[in-house]
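This report describes selected strands, helices and internal spaces of one protein model. The sequence and the structure are shown first, and the discussion follows.

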Amino acid sequence: MAEEAESHPPQQPLFRAVASSTRQIYQLLKCISFTSKVQVQITQDGIRFAADHSQVMQGVAFLDKALFTSYTSNLTDGETTPQFQVNLAALLEALQIFGATDVAAKAAKAEADGYRSNLRNYRADAFNHQSLGMPGTCCIMYEEDGDPLSIILEETGVKTQCNLMTYTPESPEDIPFDRDNVSFKVIMQARWLLDALSELAPMAPFRITITASPNAPYLSLSSGGGLGGASVDFSSGRDLLETFSIRDPWVQNFKFDFVKSATEAMRIANKVSFRGDSQGVLSLQFMVELEGGAVSFLDFRFVPYATQENETESGDEDE
């Protein structure tokens, strides 16, 4: 029996990745926590987490394998990449087990100042685990299709394993964004967009109108609510908009709370690529510079409200 056991070594998991800290993973996944479950796709290049809200808003966080000290994917050539769903709230809770005090303190600050600038966000605390140099690792492992997603945390000799139930993926299609027909493109500091939303939020708006024009104001965000209306205009100078290109004038309306859901990404990101296509879909791609020089991206897409013209056409067809 011993010889038989030795002849069959333990099966390697489909996926295993080890990170020296959970902080960066937590920050990126927190940005798409507007839904309870996320779609997970494991690839040779990294892990893709996608959140979807009724096919009108999507957020994607891609954890590149460069974020991990060890990244092993035992997929054979031609094998379908594993896809499943997990409860995002449970995953975030597992990731911050050892840093619960630090995370709770940041959450309290976020509630007190929901639109604080990212210049003041996530400053190092002299007494947090990372600053004190406490050793710790995070291992993410997926044994085989249908198994739980395991989060194994080890710090100062204490090891904790959290097994998260996986669900059958719903496989929602990505909101289509036509990269070949982009009406406008703006690249600017992410904090400018965050500050603009902070100016509009006190009016308790339901909608936000985004306007891009070849003439001043070149980019405008406006909204109105029960307490009045407000607008924020951006000039085209390079000190504010690093890149501004426009092919066609573009005006679309979006639900304010959807766009507001991306504020966590605005806080931690350095830059944002702000684009609109010919169908009216809004794309916000955030570049996040992480510790050690690594760069990660967060992608958000929003479907606009139907225009009055389309609504009129629909009404005529119904008649």
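In this predicted model, Q41 of strand β2 has R48 as its bridge partner in β3. The two strands, β2 and β3 (residues 46-53), pair in the antiparallel sense through four bridges, and they form a hairpin with three residues between them. On the β6 side, strand β2 (residues 37-42) is joined to strand β6 (residues 83-87) by five bridges, again antiparallel. Within that pairing, K37 has N87 of β6 as its bridge partner.

Strand β3 also pairs with β4: eight bridges join these antiparallel strands. A50 is matched with V60 of β4 as its bridge partner. The connection between β3 and β4 is a hairpin with three residues between the strands, and S54 in the turn has a positive phi of about 55°.

A further antiparallel pairing involves strand β11 and strand β15. The table sets out the four pairings side by side.

| Strand pair | Sense | Bridges |
|---|---|---|
| β2 and β6 | antiparallel | five bridges |
| β2 and β3 | antiparallel | four bridges |
| β3 and β4 | antiparallel | eight bridges |
| β11 and β15 | antiparallel | six bridges |

In the pairing of β11 (residues 205-212) with β15, A212 stands opposite W250 of β15. In a regular strand the side chains alternate between the two faces of the sheet. Strand β15 (residues 250-255) shows this alternation: W250, Q252 and F254 point to one face and are buried, whereas V251, N253 and K255 point to the other face and are not buried.

Strand β16 (residues 271-277) contains R275. Is this arginine, R275, buried or exposed? R275 counts as buried because its relative accessibility is 12%, and the cut-off for that class is under 20%. R275 and R179 are 96 residues apart in sequence, yet their C-alpha atoms are 9.3 Å apart in space.

Two helices can be described by their buried residues. In helix α3 (residues 88-95), the buried residues are L88, L91, L92, A94 and L95. These residues lie on the same side of α3, because they cover an arc of only 160° around the axis. The exposed residues A89 and E93 are carried on the face of α3 turned away from its buried side. At the start of α3, a side-chain oxygen of N87 comes to within 3.0 Å of the backbone nitrogen of A89. N87 is also the residue of β6 that is the bridge partner of K37.

Helix α5 (residues 190-200) has A190, L193, L194, A196, L197 and L200 as its buried residues. Seen down the axis of α5, the buried residues fall within an arc of 160°, so they line one face of the helix. An α-helix has 3.6 residues a turn, so residues three or four places apart point the same way.

The spaces in the model can be considered next. Rolling a probe the size of a water molecule over the atoms shows where empty space is left. A search of the whole structure finds one cavity of 30 Å³ or more, and the largest cavity holds about 30 Å³ of space. Which residues line the largest cavity? Its lining consists of I25, L29, F49, L63, L91, I140, L149 and I151. By class, these comprise eight nonpolar residues, with no polar and no charged residues. At least two lining residues come from each of α2 (23-30) and β8 (149-155). One of the lining residues, L91, is also among the buried residues of α3.

The second largest pocket contains about 290 Å³ of space. It is lined by 19 residues, and those closest to its centre are Q39, A50, D52, Q85 and P172. The elements that contribute two or more residues to this lining are β2, β3, β4 (57-64) and β6. Strand β2 gives the most to the lining of this pocket, with five residues. By class, the lining of the second largest pocket has six nonpolar, eight polar and five charged residues. A50, listed among the residues closest to the pocket centre, is also the bridge partner of V60 in the pairing of β3 with β4.

Terms used:
Residues are numbered from 1 along each chain as its sequence is written. This is a predicted model: local features need pLDDT of at least 70, side-chain atom pairs count only at pLDDT 80 or more; totals for chains, interfaces and linings use all residues. Side-chain values use heavy atoms; hydrogens and water are left out. On a 1 Å grid over the protein atoms alone, a cavity is a set of points where a 1.4 Å probe fits but cannot get out, and a pocket is an open set with protein on both sides within 12 Å along at least five of seven lines; lining residues have an atom within 4 Å of a point. Grid points are joined across faces, edges and corners, and a volume is the space filled by probe spheres set on the points. Ala, Val, Leu, Ile, Met, Phe, Trp, Tyr, Cys and Pro count as nonpolar, Asp, Glu, Lys and Arg as charged, and the others, Gly among them, as polar. Two strands pair if DSSP finds at least two bridges between them. Buried means under 20% relative accessible area, exposed over 50%, partly exposed in between (1.4 Å probe, protein chains only). The arc is that of the directions from the helix axis to the C-beta atoms. A polar contact is a pair of N or O atoms within 3.5 Å; within protein, one must be able to donate a hydrogen and the other to accept it, and residues adjacent in sequence count only if both atoms are side-chain atoms.
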